[in-house]
There are 2 protein chains.
Amino acid sequence: MSQSVIDTLNNRVSIRFYTDEPIEDALLERILQAARRAPTSSNMQTYSIIVVKNPEVKKQLAVLAGNQKHIEVCPVFLAFCADIHKLEVALHMHGHELKKSLETTLVASVDASLVGMSVQTAAESLGLGSVMIGSMRNHPKEVAELLGLPQGVYVVYGMCLGWPDKTQVPPQKPRLPQDLIIHKERYNSSDIRGTIDAHNKELAEHYESLGRNLDEAAWSGPIAQRLHKPVREELRKTLESMGFSFD
Amino acid sequence: MSQSVIDTLNNRVSIRFYTDEPIEDALLERILQAARRAPTSSNMQTYSIIVVKNPEVKKQLAVLAGNQKHIEVCPVFLAFCADIHKLEVALHMHGHELKKSLETTLVASVDASLVGMSVQTAAESLGLGSVMIGSMRNHPKEVAELLGLPQGVYVVYGMCLGWPDKTQVPPQKPRLPQDLIIHKERYNSSDIRGTIDAHNKELAEHYESLGRNLDEAAWSGPIAQRLHKPVREELRKTLESMGFSFD
């Protein structure tokens with residue numbers, strides 16, 4: 001049974017706790033094949049998916065992601081890679097060199113994102129739980145070595161997949177008010193601080209109802225804490241050393 | 001009726017021809033609200049969606065995208081924006097400045113990609129047709145002016161939505177063989193030129209069956225033609241001038 005798209009999306013939460021049940025190969029195959037119909041810029045398919053089940057590799061990836069236990073315990077971990085290596089091979093076949101640029105890096109990162117989102121929606125529609133792992137960008141080079149990635153391939157993000165432990169399914173978090181997200185005809189440039197303030201309170205109440213006592217400014221506070229200093233400041237240099245261009 | 005995820009993805013093709021029927025506001029709302037449950041890095045929601053129905057604006061966007069008529073004629077055009085403007089406001093509320101970097105640019109671009117993919121899957125599950133428009137990156141500054149985007153917001157890609165003209169639904173294109181895309185445990189670094197050659201022929205036969213006589217190397221040929229020279233070479237400078245960092 002595959003759930004409807006609307007229900008799957010409306011019900012979704014990130015799942016970090018799984019039962020011991022494995023994911024059958026045929027099911028995973030069905031998910032990946034469906035997701036491969038996701039759109040891709042100019043039919044280039046500038047992405048790769050690495051399917052990781054090896055416990056030792058998952059353990060190391062969990063450490064590289066800042067000790068995220070769910071990476072270690074999930075039965076299947078997927079790494080969604082921007083892949084311009086294949087483009088390079090294609091160009092060589094015609095006696096050309098790939099002219100790398102910010103555009104080729106962006107296209108590949110977007111392609112990887114589109115297919116990963118499709119994998120997640122497909123997996124969740126079949127009852128699987130999942131969580132995306134952006135921290136694959138903490139140590140892109142070490143991750144690439146672990147997964148044997150050639151030059152021109154980096155992991156944009158990962159994804160844990162498993163059957164949800166139903167005793168540990170979190171409630172949905174409220175999203176930002178839609179006025180901050182959905183704009184009619186033109187970007188709404190009015191003062192949004194009041195709306196953010198209201199959302200801060202709404203989110204704080206949500207956390208409080210779960211017994212978590214966080215920052216009163218529950219949305220903007222943690223963001224301010226994290227982003228007033230550099231995050232992943234080596235990323236550009238590292239990705240350049242891995243064969244990507246930002247020019 | 002909302003179709004299952006698996007069926008929606010398995011049946012998907014990009015739709016560029018639409019009937020005259022409008023898209024009801026309530027339906028669009030249902031799609032956008034479901035898609036807003038897509039995952040977002042650290043709950044930051046660093047994206048915005050501009051809903052464009054104004055015929056004059058769509059006409060101008062169509063021209064900026066290299067005369068893509070479907071942008072002009074679709075009843076609803078959506079612009080999926082990477083949006084770090086909201087982060088900047090959030091940080092100011094705490095007396096901080098956003099430390100922009102490649103990471104903040106990438107996170108916002110990925111967030112916009114995830115929500116856009118979710119919109120597309122939701123829309124298609126309800127019978128709508130759609131096509132993503134990467135050419136919004138041809139002239140990012142002009143697009144931003146047209147949509148009133150503040151600094152720190154750029155359109156990663158757009159999307160046409162409309163009810164499919166059923167007489168003009170294209171057949172699905174074959175995708176690259178899965179060995180080139182799905183890797184078990186480690187990236188498969190064997191020589192892929194033979195597989196690309198085989199796919200070139202498969203794709204050429206597909207085009208031939210549609211009466212289109214293209215390059216014999218139907219996959220790698222057009223890629224080599226396009227990517228041996230610079231593509232969107234002003235992109236980095238333009239996005240920097242729009243408030244994004246790649247450092």
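## Symmetry of the two chains

In this predicted model, chain B is superposed on chain A by a rotation of 180 degrees with 0.0 Å of shift along its axis, and the RMSD of that superposition is 0.0 Å. The two chains therefore stand in the relation of a two-fold axis. Within chain B, the C-alpha nearest the axis belongs to Ser4(B), which lies 2.0 Å from it.

The contact between the chains reflects this arrangement: 100% of the interface residues of chain B are also interface residues in chain A, so the copies meet through the same surface.

## Extent of the interface

The contact draws 113 residues from chain B and 113 residues from chain A. Between the two chains an area of about 9,800 Å² is buried, and carbon and sulfur atoms give 63% of it. Of the area that chain B buries against chain A, 9% is supplied by Arg37(B), Arg175(B) and Tyr187(B), which is more than any other three residues supply.

## Polar and charged contacts

Six salt bridges are counted between chain B and chain A. One of the salt bridges joins Arg232(B) to Glu103(A), with the closest N and O atoms 2.6 Å apart. Polar contacts between chain B and chain A number 59 residue pairs, counting pairs in which both residues are at pLDDT 80 or more.

On the side of chain B that touches chain A, helix α6 (residues 102-125) of chain B gives the largest share, with 15 residues. By residue class, that side of chain B divides into 56 nonpolar, 32 polar and 25 charged residues.

## Strand pairing across the interface

The two chains are also linked through their strands: strand β1 (residues 47-52) of chain A pairs with strand β5 (residues 182-184) of chain B, in the parallel sense and over three bridges. In this pairing Ile50(A) stands opposite His183(B), a residue of β5(B).

Methods
Residues are numbered from 1 along each chain as its sequence is written. Chains are lettered from A and ligands numbered from 1 in the order in which they are written. This is a predicted model: local features need pLDDT of at least 70, side-chain atom pairs count only at pLDDT 80 or more; totals for chains, interfaces and linings use all residues. Side-chain values use heavy atoms; hydrogens and water are left out. Contact means heavy atoms within 4.5 Å. Buried area is the accessible area (1.4 Å probe) that two parts lose on being put together, summed over both. A salt bridge is a side-chain nitrogen of Lys or Arg within 4 Å of a carboxyl oxygen of Asp or Glu. A polar contact is a pair of N or O atoms within 3.5 Å; within protein, one must be able to donate a hydrogen and the other to accept it, and residues adjacent in sequence count only if both atoms are side-chain atoms. Helices (H or I, at least four residues) and strands (E, at least two) are DSSP runs, numbered from the N terminus. Ala, Val, Leu, Ile, Met, Phe, Trp, Tyr, Cys and Pro count as nonpolar, Asp, Glu, Lys and Arg as charged, and the others, Gly among them, as polar. Two strands pair if DSSP finds at least two bridges between them. Copies are superposed by least squares on the C-alpha atoms of residues with pLDDT of at least 70 in both.
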